[in-house]
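Please open the structure in your viewer and keep the selection tool at hand. The stops below concern charged side chains and the pairs and patches that they form.

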Amino acid sequence: MKCVKCGAELFDGDMFCGSCGAKVEVTKQKEEQEYELLKLPLEELEKLEAKDHDPKVQFALFYYYWAVDFDRDNGYIWASKCAEQNHPDGITALGFCHVFGAGGCEQNVEKAHELIEKGLAMGSTYAIFMVGDCSENGIVGYKKDPEKQFENMLKAAEKGYPEAMENVAKLFEEKDDPQNAIKWFKKAAEFNMADSILQLGIYYYLGNDIEKDYDKSFELFTKAYELDEYLDNINYWLGISYRFGEGVEKNPLKAIEHFEEDGSKYAFDDLGQMYYYGEGVEKDMEKAREYLTKAANAGVDSAKELLAKI
């Protein structure tokens with residue numbers, strides 16, 4: 001831990017920096033570190049939990065199974081264990097399980113609301129996030145309230161919860177504040193949030209409000225793909241990188257592979273162009289017409305223009 005003012009090394013328990021005398025922001029530091037466990041791989045979390053059954057580790061296991069592995073049954077098991085120790089995040093997590101009736105627990109929205117509110121009263125950061133999340137669409141007994149959504153997401157993000165970081169980054173984008181969006185995408189990316197990593201890659205690729213860097217964008221696209229190959233738009237951006245050789249050696253066949261996997265109207269437009277011009281493949285007007293028609297029917301103007309030439 002270092003002093004934010006002069007950079008000198010600090011030690012646990014320091015109230016003031018020994019070099020410059022600046023006050024150490026202990027509370028903020030602890031809040032930022034509260035969810036560092038969520039960065040650990042499953043194997044390490046299991047070893048830590050077996051050692052002393054720490055409820056913070058149990059919550060991290062709930063998070064892993066629920067948000068990373070999409071295994072609701074195991075997510076419910078760890079939420080229950082954490083809640084049994086009266087941990088605020090565990091109680092909230094148990095409430096979240098009741099929203100879906102996950103892992104064999106009863107689907108009960110009233111019970112879910114009750115447990116989230118209990119976690120909130122106990123100071124759960126996860127509960128702050130959940131209230132923000134529920135306020136987006138007015139569910140689980142909470143009214144639709146965009147201001148409350150943003151306020152809670154930002155608060156939970158500042159306390160170190162990664163899903164809140166990603167969500168508040170997207171909310172800053174909606175507010176046309178790319179600098180804060182980039183800031184929070186970067187923080188969420190440290191927790192291997194795949195979509196945040198992808199969004200950062202897009203910023204670097206386009207050079208929007210950040211210096212354009214194709215090497216960095218391709219590195220981020222690749223990492224996001226490794227974390228979640230089914231992530232929306234990830235195949236499109238890898239396809240674009242391979243098509244134009246940006247951050248990676250140009251490879252039309254890999255570009256086609258990713259565009260076909262993506263299957264979006266923009267990917268169809270790129271595929272149509274590649275077959276029309278014979279870009280790394282033989283010219284094929286039939287395939288060009290097929291893909292351009294799909295893109296044109298979905299409203300892509302460039303596809304309509306090229307299709308008219310066939």
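The tour goes from salt bridges to a patch of charge on the surface.

The model is predicted, so to speak of local features here requires pLDDT of at least 70 and side-chain atom pairs count only at pLDDT 80 or more, whereas totals for chains, interfaces and linings use all residues. Residues are numbered from 1 along each chain as its sequence is written, and side-chain values use heavy atoms, with hydrogens and water left out.

**Salt bridge across the sequence**

A search of the whole structure finds 10 salt bridges, the term being used for a side-chain nitrogen of Lys or Arg within 4 Å of a carboxyl oxygen of Asp or Glu. Select K39 and E190 to begin, whose side chains meet in one such bridge at 3.8 Å, N to O. K39 sits in the loop between α1 (26–33) and α2 (42–52), and E190 in the loop between α10 (178–189) and α11 (194–206), so this pair ties together parts that are 151 residues apart in sequence. Helices in this numbering are DSSP runs (H or I, at least four residues), counted from the N terminus. K39 is partly exposed at 32% relative accessibility, while E190, at 51%, is exposed; exposed means over 50% relative accessible area, buried under 20%, and partly exposed in between, with a 1.4 Å probe and protein chains only.

**Two pairs in helix α16**

Move next to helix α16 (residues 285–297) and select E286 and R289, which lie three residues apart, about one turn of the helix. Their side chains form a salt bridge with an N to O distance of 2.9 Å. E286 is exposed at 57% relative accessibility, and R289 is partly exposed at 32%.

Staying in helix α16, select E290 and K294, which are four residues apart and therefore separated by about one helical turn. The closest N and O atoms of their salt bridge are 3.8 Å apart. E290 is partly exposed with a relative accessible area of 39%, and K294 is also partly exposed, at 38%. Now add E36 to the selection of K39 and E190, since salt bridges that share partners join E36, K39 and E190 into one network.

**A negative patch**

Which residues form a negative surface patch? Select E229, E257, E260 and E261 to display it; patch members have over 30% relative accessible area and no salt bridge, with like charges joined within 9 Å. Among these residues, E257 lies in helix α14 (residues 252–262).

Note on methods: Patch = residues over 30% accessible without salt bridge, like charges linked within 9 Å, V, L, I, M, F, W, Y side chains within 5 Å. Areas by Shrake-Rupley, 256 points an atom, 1.4 Å probe, with all protein chains shown as cover. Lys, Arg positive; Asp, Glu negative; His and termini not counted. Charge placed at Lys NZ, Arg CZ, Asp CG, Glu CD.
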